[in-house]
Amino acid sequence: MKFKNFKQFKEACRELGIRKRRQLRFKPNDQQRVVCICKVDGCPFRIYASKVNKRDPTVHIKSLYLKHKGAKVFDNFHLSPKYIARKYLNIFKADPGWNISSIVEIVRKDFDYTIENLKAWRAKNQALKWVYGDEGLQYGKLLSYRAELLRSNPGSNL
């Protein structure tokens, strides 16, 4: 299997961990290879991927062992508010008033994880920041907008 870069490979591994209810992590990596392992001590699960060559960012899996040892997890740290916001961004765009209990319910239905209301609230805030932009940055732009108006229209009254 080939991936565009290491970021895409890591996202696929995180997705696999969430779907299979396993806590996966990445060993310390270098510029040429990535190793994805299970967080449970003694678990033989392992995916080893490396670049095709030094100049090409394409990454392919060289070896993998998908058998796990140990219990499944019920709270995966890869199921973060940012991940939830990215996963359901289209719904947040269509319905910015989407309530927290509905977010908790859809995550439970899609991933079979029960998340806290706080995590759902943070996911909603992150998604709305992506949709509408950061309010603090928008207010910061008002002064430069005012200055530009006064520069282009010297007689303006602001």
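In this predicted model, Tyr 88, Phe 92 and Trp 98 come together as one aromatic cluster. Looking across the whole structure, there are four aromatic pairs. One of them joins Phe 92 to Trp 98, with 4.9 Å between the ring centres and 65 degrees between the planes. That angle is over 60 degrees, so the pair counts as edge-to-face. Both partners are tucked away from the surface: Phe 92 is buried, and Trp 98 is buried too.

Aromatic rings also turn up next to charged side chains. Arg 21 places its charged end over the ring of Tyr 113, at 4.4 Å from the centre. Something similar goes on at Phe 26, where Lys 10 lies over the face of the ring, 5.3 Å from its centre.

As for the backbone, five strands make up an open sheet in the order 1-5-4-3-2, and the pairing is antiparallel. Strand 1 (2-3) and strand 2 (24-26) sit at the edges, each pairing on one side only. Strand 1 is held to strand 5 (residues 56-65) by two bridges, with the two strands running antiparallel. Here Lys 2 is found opposite His 60 of strand 5.

Then there is helix 1 (residues 6-19), which lies across the strands of this sheet, namely strand 1, strand 2, strand 3 (33-38), strand 4 (46-53) and strand 5. Relative to strand 4, helix 1 runs at about 165 degrees.

Methods. Residues numbered from 1 in each chain as written. Predicted model: local features only at pLDDT ≥ 70, side-chain atom pairs only at ≥ 80, totals over all residues. Heavy atoms only, no water. Phe/Tyr/Trp six-rings, centres within 6.5 Å; stacked < 30°, edge-to-face > 60°. Buried < 20%, exposed > 50% of the residue type's maximum accessible area, 1.4 Å probe, protein only. Lys NZ or Arg CZ within 6 Å of the ring centre and 35° of its normal. Pairing = 2+ DSSP bridges. Helix = DSSP H or I, 4+ residues; strand = E, 2+ residues; numbered from the N terminus. Contact = heavy atoms within 4.5 Å. Axes fitted to C-alpha atoms, helices over the stretch in contact; angles between N-to-C directions.
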